[in-house]
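This briefing introduces a structure to a reader who has not met it before. Please look through the sequence and the model before reading the points below.

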Amino acid sequence: MSTERDQKNWKRIYLAVAVYAVLLITLLGIFSLVFD
Amino acid sequence: MQALDWIIVVVYLAYVVYDGVRRSRDTNAVRGYFLANRSLPWWAVGLSIMATQMSAITLVGTTGQAYADGMRFIQFYFGLPFAMIILCITVVPFFHRADVYTAYEFLEKRFDAKTRALTGFLFLLSRGLSCGVIISAPAVILSIVLGWNLPLTVLAIGLPTVFYTMLGGVQAVTWTDVKQMVLIFVGMTVVVVVIVSQLPAEVGFSGALRIAGAARQLRTIDFSFDLNETYTFWSGLVGGLFLMLSYFGCDQSQVQRYLTAKSIDQGRTSLLMSAVLKIPVQFVILLIGVLVFVFFHFNSSPLIFDPVVEQQVRANPEFHQLEQEYTLTSGKLEQASLMLAREDSSATRNAYRLALEENRQVRRRTVDYLETGAGQAGFNDVNYVFPTFVVRYLPTGIIGLMIAAIFAAAMSSVSSELNALATTSVMDFYRRHFRKEASDRHYLSVARAATAFWGVIACGVAIYATQLGSLIEVVNKFGSFFYGSLLGVFVLAIGIRKATAAGAFFGLLAGMAAVAVASVTTSISFLWYNLVGVATVVAVGWSISSISRSSAPSPEE
């Protein structure tokens with residue numbers, strides 16, 4: 001069974017991936033604005 | 001194709017069979033054959049997940065789509081990272097702790113045998129036939145572009161895949177997926193480098209982006225809220241989220257990938273690998289399509305990319321006239337593109353856009369002529385753009401590499417499908433209903449026979465796919481009816497403690513009916529079908545559960 005510490009780590013990882021995805025989509029938006 | 005290209009393709013096929021077959025040494029029991037004894041590292045599982053999702057039609061079709069329509073297809077994947085996070089939190093730990101072979105086995109533990117049988121049957125029906133489509137789509141294109149014999153092309157893709165999947169089971173599938181994914185990455189990188197190196201010196205990569213931008217091919221985000229449009233920010237984020245939840249969370253061909261991971265954490269990490277890499281990888285694939293678009297500004301492109309149709313209409317004077325106009329407007333487009341690459345100003349942009357519009361008008365008139373005057377109703381040559389480019393414009397050796405990469409994309413998807421079909425056939429039906437007690441050796445033999453059976457079905461469907469046109473459409477539609485509704489059943493199983501077996505079973509039927517009605521009475525994009533399916537299953541399932549409230553145990557009990 002995962003410990004409380006593990007769960008906290010996973011929460012941080014999920015948050016990091018979600019932030020990364022938002023940044024990636026934002027970057028794609030900037031990319032199309034720059035070249036459009 | 002030159003001798004070197006043939007050697008590369010044959011070496012690839014021989015190596016992938018050898019690599020798959022040598023894994024059969026570790027699969028002398030059912031648990032090893034279907035689950036790799038839960039021993040695989042996250043990176044191998046992660047690459048296998050990506051390879052399974054990326055079929056040849058993704059590689060060939062989306063580059064063609066980017067050529068014709070720009071990069072807005074990328075929005076289709078906006079929901080994927082968030083879907084992966086949700087699955088890591090929900091189904092991955094549930095499936096692992098339940099120690100199941102299939103996603104549908106979990107539904108029996110949670111609900112009843114009836115729900116497991118129905119979901120397993122729907123999976124076998126939809127995936128069993130769609131597996132043939134995964135082979136037939138690239139086989140038809142390659143056979144037309146390269147002049148190969150169609151049944152032989154189908155067998156060149158299908159037979160090696162069936163052979164190594166049958167012998168090596170999930171170990172063979174995963175480790176060949178890893179190599180196939182690496183081959184696809186290498187092929188993509190080489191193609192980008194070759195295209196850019198073949199552009200005029202004053203254009204280069206930045207000039208190509210400038211030209212593509214002026215053509216509005218680099219628009220990646222469309223915020224308009226239109227339920228009928230598939231490629232918008234909202235369709236991709238919300239509709240795509242539910243599609244990806246269904247695909248990665250309920251489709252055995254994907255669930256089986258992360259069931260083979262060493263632990264829950266390794267299973268989670270493998271899914272997060274896709275969450276991180278999928279959008280950048282798809283971006284590069286679409287960028288290749290856009291670069292091909294720019295490449296054809298400086299190299300004469302065929303007026304139409306389907307060589308069979310071109311052959312049929314070539315002698316027609318009307319088509320000949322259109323070809324001459326196309327050559328003329330292409331020359332003007334090349335000049336305008338060079339001016340734009342040298343100097344980015346509103347004057348050069350406007351001149352380029354005018355030349356492009358003139359060129360596109362000739363192409364539109366050609367398509368009109370083909371559809372109305374040449375008996376080619378619904379003409380669409382998007383899928384032929386990339387293979388035609390590969391065969392006619394890439395240097396010897398790179399052609400072989402890219403044909404091998406297209407083979408790899410098809411084979412990696414088909415092998416996972418076959419393995420999942422065999423697992424469901426054996427574990428959810430044969431062992432569950434027909435032969436409950438038998439030796440491991442017996443089940444292993446049946447598993448290999450089931451893989452061969454589904455392989456024969458897939459190759460048969462692929463060979464006759466062109467004659468099964470409307471049936472294939474029905475199969476594809478059926479899959480989309482079933483996906484969201486299946487997700488709804490898992491939402492009931494994991495998220496609603498009081499959900500009962502009757503609620504899940506009738507909820508699933510109601511969900512599929514609701515999606516069928518939505519598809520007939522509305523023109524909403526198929527991405528929203530999943531949301532309709534989930535919402536209906538949960539609403540109907542919850543209502544029936546509230547009424548019937550039988551004694552179904554919750555997953556924690």
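What pLDDT does chain B average, and what percentage of the residues score at least 70? Chain B averages a pLDDT of 90 (pLDDT being the predictor's confidence in each residue, from 0 to 100), and 96% of the residues score at least 70. This is a predicted model, in which local features need pLDDT of at least 70 and side-chain atom pairs count only at pLDDT 80 or more, while totals for chains, interfaces and linings use all residues. Residues are numbered from 1 along each chain as its sequence is written, and chains are lettered from A and ligands numbered from 1 in the order in which they are written.

**Confidence**

- The predictor assigns the complex an ipTM of 0.93 and a pTM of 0.90.
- Among the elements of chain B, the lowest mean pLDDT (76) belongs to helix α20 (residues 469–495) of chain B and the highest (96) to α5(B), where helices (H or I, at least four residues) and strands (E, at least two) are DSSP runs, numbered from the N terminus.

**Where the chains meet**

- Chain B brings 19 residues to the contact and chain A brings 14 residues, two residues being in contact if their C-beta atoms, placed from the backbone, lie within 7 Å.
- On the side of chain B that touches chain A, α5 (80–89), α10 (204–214) and α13 (264–298) of chain B each supply at least two residues.

**Helix α8(B) and its partner**

- The 34 residues of α8(B) should span 50 Å at 1.5 Å a residue, and the end C-alpha atoms are 49 Å apart, which agrees; the expected span is 1.5 Å times one less than the number of residues.
- Just after α8(B), B:Gly147 has a positive phi of about 75°.
- Helix α8 (residues 113–146) of chain B and helix α19 (residues 440–464) of chain B have axes that come within 7 Å and cross at roughly 50°, with axes being lines fitted to C-alpha atoms, for helices over the stretch in contact, and angles running from 0 to 180 degrees between N-to-C directions.
- That crossing angle makes α8(B) oblique to α19(B), since angles under 35 degrees count as roughly parallel, over 145 as roughly antiparallel, 65 to 115 as roughly perpendicular and the rest as oblique.

**Helix α4(B) and α13(B)**

- The axes of helix α4 (residues 56–69) of chain B and α13(B) come within 7 Å, crossing at roughly 50°, and the two helices are therefore oblique to each other.
- Among the residues making this contact are B:Leu59 and B:Tyr67 of α4(B) and B:Ile285 and B:Phe293 of α13(B).
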